[in-house]
Amino acid sequence: MRIGIPRESRPGERLVAASPATVAQLTKLGYDVVVEAGAGAQASFPDDQYAQAGATVGDAAAVWSSDVVTCVNTPPDDRVEQLREGAVLVAMLGPQANPQVAEKLNARGVTALALDAVPRISRAQALDVLSTLSNVAGYRAVIEAAEEYGGMFTGQVTAAGKTAPATVFVIGAGVGGLAAIGAANSLGAQVRAFDVRPEVAEQIESMGGTFVAAPEAQQEVSADGYAKPLTPEQQAAAMEVYAAEAKRADVIITTALVRGKAPTTITADMVATMRPGSVIVDLGAPGGGNCELTVPGKKIVTDNGVVIIGYTDLTSRMPRHTSQLFGTNIVHLMALLTPEKNGELTLDLDDQVQRGMTLSHQGEVLWPPPPVSVS
Ligand code: NAD
């Protein structure tokens, strides 16, 4: 079978769904690979590197007529029209927010596999693009903060005097928050972190952060690793923690999500208490923001001189490694779908990982999937 890797269509997108290294791995699974000319240019992967890795570099028509098309984002309608009947589309299709996508792709006779619907169970970690993206976004949030912050993250003792290390407060210690803690710690900052899930304390400490314990604001250890909405009492206590930490922080990186939604963690009143030149990076921006003043997609400076970064393209700002890791997630998926390593994709709907991400197959809409049992 032939796998097509297109250029992404979304304006400003710099990612690509395969690197030259992952193309080589796909060919080892027995596939022919065609990469659209220029697909990796923004991620520092020129066409000749893909060719050396065993791909054919072709035009959009060659890519979109492939047996399997793997891309990062949901393709636009004119590209979906180019998919042939029976083709397999692998991409972040956003079925949770937009369930109609399943019907639309089924109407084209396409087998649609949503990378962003991979069940979040241990066995599926290697194909979890959401973890890949959160990890990169957490790292990049620190780089953006360091760029804006007018000082050094590490403390220094020099002949000209001392500078204090920056204090970085991270809210939410999931995949993105832990990456931010590690990156800020490695730059020498003093990192404090809070999560409503108390079980993350050890992970925060292992990344070099200090866990901010506030039992009245924290939930019981969760059964599934995910936060639940806070009770009004917990919410009030959490707000007290954020307010106290905001006053002392040079940088706040907020990553809180509950079932995919971004709760408010930093209010306008809290921002008003922060020192001029301090920085907030809001990883909740794509969902509206954790900070009341965040403008998604933009950097703003408040009247009291606080920089608030609401960029929604943090992963695209690290295109080389994000594409490499994203492409590796796809290789792991294709290995699962190609047990014989013979270049023939077979879908096993009895496997809960494959079933969980399948939106349509052989003329049937299969979204939403049955609940997944945790393993
Ligand atoms: P997430 O993106 O859903 O949420 C980010 C963090 O925000 C979470 O740690 C959450 O507890 C926290 N949070 C929510 N509300 C908050 C508030 N008001 N204040 C402070 N923090 C708040 O999280 P995630 O990165 O998806 O990780 C969640 C869990 O899933 C973790 O236990 C992680 O290890 C696990 N996980 C498992 C897999 C897998 O097994 N395949 C993949 C990814 C994540």
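**Reading a predicted chain, from Arg-259 to its helices**

Q: Between which two elements is the loop in which Arg-259 lies?
A: This is a predicted model, in which local features need pLDDT of at least 70 and side-chain atom pairs count only at pLDDT 80 or more, while totals for chains, interfaces and linings use all residues. Residues are numbered from 1 along each chain as its sequence is written. Helices (H or I, at least four residues) and strands (E, at least two) are DSSP runs, numbered from the N terminus. With that numbering, the loop that holds Arg-259 is the one between strand 12 and helix 10 (268-272).

Q: Does Arg-259 count as buried or exposed?
A: A residue is buried if 20 or more other C-beta atoms, placed from the backbone, lie within 10 Å of its own, exposed if 12 or fewer do, and partly exposed in between. Arg-259 has 9 C-beta neighbours inside 10 Å, and therefore counts as exposed.

Q: What is the phi of Arg-259?
A: Most residues other than glycine have a negative phi. Arg-259 is not a glycine, yet its phi is positive, at about 50 degrees.

Q: Which residue in the loop between helix 11 and helix 12 (352-357) has a positive phi near 50 degrees?
A: The residue in question is one other than glycine, and it is exposed, with 12 other C-beta atoms within 10 Å. Its place is in the loop between helix 11 and helix 12, and the residue with this phi near 50 degrees is Lys-341.

Q: Which peptide bond is cis, with omega near 0 degrees?
A: Most peptide bonds are trans. The cis bond leads into Pro-368, a residue placed in the segment after strand 17 (364-365). With omega near 0 degrees, this is the bond from Trp-367 to Pro-368.

Q: What is the radius of gyration of the chain, and what does the globule rule give?
A: The secondary structure comes to 12 helices and 17 strands. The radius of gyration is taken over C-alpha atoms, and the globule rule is 2.2 Å times the number of residues to the power 0.38. The chain is as compact as a globular protein of its length, because for its 375 residues the two values are close, at 22 Å for the chain and, by the rule, 21 Å.

Q: How much of the chain counts as buried?
A: Taken along the principal axes, the box filled by the C-alpha atoms is roughly 65 × 45 × 35 Å. Of the 375 residues of the chain, the share that counts as buried is 46%.

Q: How far does helix 6 (residues 129-148) reach from its first C-alpha to its last?
A: The expected span of a helix is 1.5 Å times one less than its number of residues. Helix 6 is mostly covered, with 15 of its 20 residues buried. For those 20 residues a span of 28 Å is expected, and the helix comes close to it with a reach of 28 Å.

Q: Which elements are among those that cover the buried residues of helix 7 (residues 175-186)?
A: In helix 7, nine of the 12 residues are buried, including Val-175, Leu-178 and Ile-181. Two residues are in contact if their C-beta atoms, placed from the backbone, lie within 7 Å. What covers the buried residues includes helix 6, strand 9 (167-171), strand 10 (190-194), helix 8 (201-206) and strand 12 (251-254).

Q: With which residues is Gly-182 in contact, leaving aside its neighbours within four places in sequence?
A: Gly-182 lies in helix 7, and it is partly exposed, with 18 other C-beta atoms within 10 Å. Its C-alpha atom is separated by 8.0 Å from that of Tyr-139, 43 residues away along the chain. Once the neighbours within four places in sequence are left aside, the contacts of Gly-182 are with Met-207 and Gly-208.

Q: How are helix 1 (residues 20-28) and helix 11 (residues 319-337) oriented to each other?
A: Axes are lines fitted to C-alpha atoms, for helices over the stretch in contact, and angles run from 0 to 180 degrees between N-to-C directions; those under 35 degrees count as roughly parallel, over 145 as roughly antiparallel, 65 to 115 as roughly perpendicular and the rest as oblique. The two axes come within 9 Å and cross at roughly 10 degrees. Helix 1 and helix 11 are therefore roughly parallel.
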